Amino acid sequence: MRPIWLDKDCKTVKIIDQRRLPHEFVIADLKTADDVIRAIQEMYVRGAPLIGVTAAYGVYLALLNSPDNFVQECDRINAARPTAVNLTWAVSRMKTAILNAADKVETAHNEAAAIADWEALNCKKIGEYGLILIENIRQKKGNKPVNILTHCNAGWLACVEYGTATAPMYAAHEAGMDIHIWVDETRPLNQGARLTAWELSKAGIKHTVITDNAGGHLMQHGMVDMVIVGTDRTTYTGDVANKIGTYLKALAAKDNDIPFYVALPSSTFDWTLRDGVADIPIEERNPDEVRYVQGHDGTKISNILILPQNSPAANYAFDVTPARLVTGFITERGICTATEQDIRRLFPESEA
Ligand code: MRU
């Protein structure tokens with residue numbers, strides 16, 4: 001199943017409201033650019049590739065509903081969230097296609113669908129390349145189960161199909177390999193505990209949810225064979241912005257000599273930025289996401305205050321893992337190291 005599709009009326013975009021998972025499966029309708037902006041900002045949809053695809057459909061809806069303000073609507077969609085570069089990439093690809101087209105609405109419709117299909121194919125290829133890495137580890141371990149740690153949710157919910165970080169896991173499972181996934185809960189919004197665990201349990205993949213701080217301990221005790229995470233924006237030099245806490249996992253992996261891979265489609269490379277720590281914009285979200293925890297109380301989804309009433313909280317949503325801590329990238333064109341030279345070897349046509 002895809003997490004986004006256009007309804008038969010061609011005027012309504014259907015999405016899964018990810019805020020309600022795993023407790024409720026709710027499909028929401030987006031009919032205007034405002035609906036799309038709200039869905040991205042309030043994280044009905046989230047994850048870099050899905051943000052891009054939703055934005056592409058948002059541009060299509062903007063053209064349907066307010067053709068005269070189309071360019072301004074694109075700018076508003078583009079500003080919905082700051083870190084995932086797929087948003088800017090998708091809006092700019094849609095704008096270029098539409099501005100050059102005779103039949104603008106039909107072009108917008110086809111281009112948004114093409115972006116969704118392309119991202120799905122990218123994920124499938126990422127799965128095929130990542131499978132080789134898992135197979136190598138399995139052979140080295142003499143057929144013992146391969147333990148993979150992941151952070152946040154870079155699954156099909158975040159990416160149209162298969163996911164990025166999860167694509168090699170799905171491929172390995174389909175190939176009959178014995179794998180087990182350590183799932184970081186990923187505070188504050190718990191995308192790991194809520195979404196990755198939900199996806200893996202639906203697929204019948206063995207997994208265990210752990211607290212965000214448990215990974216280092218597991219690595220020290222030989223319980224993690226590799227780490228695979230997604231990313232929201234990666235510089236052409238190999239610095240990786242991903243969900244807050246990813247950097248600490250990369251440090252622990254380095255200290256324990258555990259391979260740390262980042263899976264991404266080429267739409268997540270930022271060909272304009274050299275220094276990720278200095279220049280990638282890091283989203284700061286509402287501190288209430290830290291102050292409250294969402295869960296199911298037995299009858300309904302509730303938010304529970306966990307801080308003293310007056311304690312301030314801060315909510316940095318992403319961090320940047322420097323290229324030196326990254327073993328390699330799993331992309332739709334194969335695997336490369338986290339260096340400008342090797343990234344450009346796979347994507348020689350890419351420029352700012
Ligand atoms: O704030 P989110 O849930 O949109 O952040 C998502 C992540 O950080 C994912 O790990 C990342 O986007 C990769 S999604 C393939």
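Which helices and strands each supply at least two residues of the shell around the ligand? In this predicted model, the contributing elements are the helix α2 (48-65), the helix α6 (156-159) and the strand β9 (240-243). The shell also draws on both parts of the chain: domain 1 (4-117) and domain 2 (124-351) each give residues to it, and the ligand therefore lies between the two domains.

The surroundings of the ligand comprise 19 residues, of which Arg-81, Gln-191, Asp-232, Asn-242 and Lys-243 come nearest. By chemical character, the residues of the shell divide into eight nonpolar, seven polar and four charged. Individual polar contacts can be described in terms of the atoms involved. In the side chain of Arg-46, an N or O atom is 2.8 Å from an oxygen atom of the ligand. Lys-243, one of the residues that come nearest, places a polar side-chain atom 2.7 Å from a ligand oxygen atom. At Ala-48, by contrast, the contact involves the backbone, with an N or O atom lying 3.1 Å from an oxygen atom of the ligand. The ligand taken alone exposes 410 Å², and the protein buries 100% of that area. The space taken by the ligand is the largest cavity.

Attention now turns to the backbone. Most residues other than glycine have a negative phi, and most peptide bonds are trans. Where, then, does the backbone depart from this pattern? The peptide bond from Leu-21 to Pro-22 is cis, with omega near 5°. Pro-22 belongs to the loop between β2 (13-16) and β3 (27-30). Another cis peptide bond joins Arg-187 and Pro-188, and its omega is about 10°. Pro-188 is located in the loop between β5 (179-184) and α8 (191-203).

The loop between β5 and α8 also contains Asn-190. This residue is not a glycine, yet Asn-190 has a positive phi of about 60°. The loop between β5 and α8 thus holds both Pro-188 and Asn-190. Gln-191, with which α8 (191-203) begins, is among the residues that come nearest to the ligand.

Technical notes
Residues numbered from 1 in each chain as written. Predicted model: local features only at pLDDT ≥ 70, side-chain atom pairs only at ≥ 80, totals over all residues. Heavy atoms only, no water. Near = heavy atom within 4 Å. Polar contact = N/O pair within 3.5 Å; in protein donor to acceptor, adjacent residues only side chain to side chain. Areas by Shrake-Rupley, 256 points an atom, 1.4 Å probe, with all protein chains shown as cover. 1 Å grid on protein atoms, 1.4 Å probe; cavity = no way out; pocket = protein on both sides within 12 Å on 5 of 7 lines; lining within 4 Å. Sits in = over half its atoms within 2 Å of the grid points. Helix = DSSP H or I, 4+ residues; strand = E, 2+ residues; numbered from the N terminus. Nonpolar A, V, L, I, M, F, W, Y, C, P; charged D, E, K, R; others polar. Domains from an automatic or database assignment.
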